[in-house]
Amino acid sequence: EFRRVLFRSKDQLTPEIRKQCSKEIPAILRKNQGQDGRWENSSARMREDDPLVATAFALVAICRFRTK
C-alpha cells in the first residue's frame, strides 16, 4: 500500500492520504531502522534486500512526506 502511494505524484494524493502518510510512514521507518542507521528488507522484489537500495527508498519516503 505505501509503495503505491510513494511512487505517485503528490498532486495525485488527497490531503487526507498525505496527512496519514506524513504520520505513518516515518513511524514505520523509525521502527524498522537498523542500529547503524540503514534499512534493509528481506524482499528482493525491488532489491530492498540490498541496504543501499532500501536506505535510499526510505530516505525518499521520509523527504516526500516530511511536514514543515
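## A predicted chain of three helices

The secondary structure of the protein chain consists of three helices and zero strands, and the model described here is a predicted one. Read along the sequence, the elements follow the pattern α-α-α. The protein chain has 68 residues, and buried residues make up 25% of them. Among the contacts in the protein chain with a separation of 6 or more, 45% are accounted for by residues that stand 24 or more positions apart.

### Helix 2

Helix 2 covers residues 15–32, and its 18 residues should span 26 Å at 1.5 Å a residue, which agrees with the 26 Å that separates its end C-alpha atoms. Where does helix 2 bend? The bend, of about 30°, is at Cys 21. Cys 21 counts as buried because its relative accessibility is 3%, a value under the 20% that marks the limit for buried residues. The buried residues in helix 2 include Ser 22, Ile 25, Pro 26 and Leu 29 as well as Cys 21.

Glu 24 also lies in helix 2, but this residue is partly exposed, with a relative accessible area of 32%. Although Glu 24 and Phe 65 are 41 residues apart along the chain, their C-alpha atoms are separated by 9.6 Å.

Another cysteine to look at is Cys 63, which counts as partly exposed at 47% relative accessibility. The structure holds zero disulfides.

### Salt bridges

Side chains of opposite charge can pair when their charged atoms come close. How many salt bridges does the structure hold? There are three salt bridges in the structure, and the table gives the partners of each with the N to O distance.

| Side chains that meet | N to O distance |
|---|---|
| Arg 38 and Asp 36 | 3.2 Å |
| Glu 40 and Arg 38 | 3.7 Å |
| Asp 50 and Arg 47 | 3.1 Å |

The partners can also be described by how much of their surface is accessible. Asp 36 counts as exposed because its relative accessibility is 57%, a value over the 50% that an exposed residue must pass. Arg 38 is partly exposed, with a relative accessible area of 37%, and Glu 40 is likewise partly exposed, with a relative accessible area of 47%. Through salt bridges that share partners, Asp 36, Arg 38 and Glu 40 are joined into one network. Asp 50, which meets Arg 47 in a salt bridge, is partly exposed, with a relative accessible area of 23%.

### The loop between helix 2 and helix 3

Glu 48 has its place in the loop between helix 2 and helix 3. Is Glu 48 buried or exposed? Glu 48 is buried, because its relative accessible area is 12%. The side chain of Glu 48 makes a polar contact with the side chain of Asn 41, and the distance of this contact is 2.7 Å.

### Helix 3

Helix 3 has 14 residues and reaches 20 Å from its first C-alpha to its last, which is close to the 20 Å expected at 1.5 Å a residue. At the start of helix 3, a side-chain oxygen of Asp 50 reaches to within 2.9 Å of the backbone nitrogen of Leu 52. Asp 50 therefore appears twice in this account, since its side chain also meets that of Arg 47 in a salt bridge.

Which residues of helix 3 are buried? They are Pro 51, Val 53, Ala 54, Thr 55, Ala 58 and Ala 61. Thr 55, one of these buried residues, lies in helix 3, which runs over residues 51–64. Thr 55 counts as buried because its relative accessible area is 16%, under the 20% limit. The side chain of Thr 55 reaches the backbone oxygen of Pro 51 at 2.7 Å, and Pro 51 is itself among the buried residues of helix 3.

When residues up to four places away in sequence are not counted, Thr 55 touches Arg 38 and Trp 39. Arg 38 thus links two parts of this description: this residue is touched by Thr 55 of helix 3, and it also belongs to the salt-bridge network with Asp 36 and Glu 40.

Technical notes: Residues are numbered from 1 along each chain as its sequence is written. This is a predicted model: local features need pLDDT of at least 70, side-chain atom pairs count only at pLDDT 80 or more; totals for chains, interfaces and linings use all residues. Side-chain values use heavy atoms; hydrogens and water are left out. Helices (H or I, at least four residues) and strands (E, at least two) are DSSP runs, numbered from the N terminus. Buried means under 20% relative accessible area, exposed over 50%, partly exposed in between (1.4 Å probe, protein chains only). A polar contact is a pair of N or O atoms within 3.5 Å; within protein, one must be able to donate a hydrogen and the other to accept it, and residues adjacent in sequence count only if both atoms are side-chain atoms. Contact means heavy atoms within 4.5 Å. A salt bridge is a side-chain nitrogen of Lys or Arg within 4 Å of a carboxyl oxygen of Asp or Glu. A disulfide is a pair of cysteine sulfur atoms within 2.5 Å. The expected span of a helix is 1.5 Å times one less than its number of residues. The bend at a residue is the angle between axes fitted to the seven residues ending there and the seven starting there.
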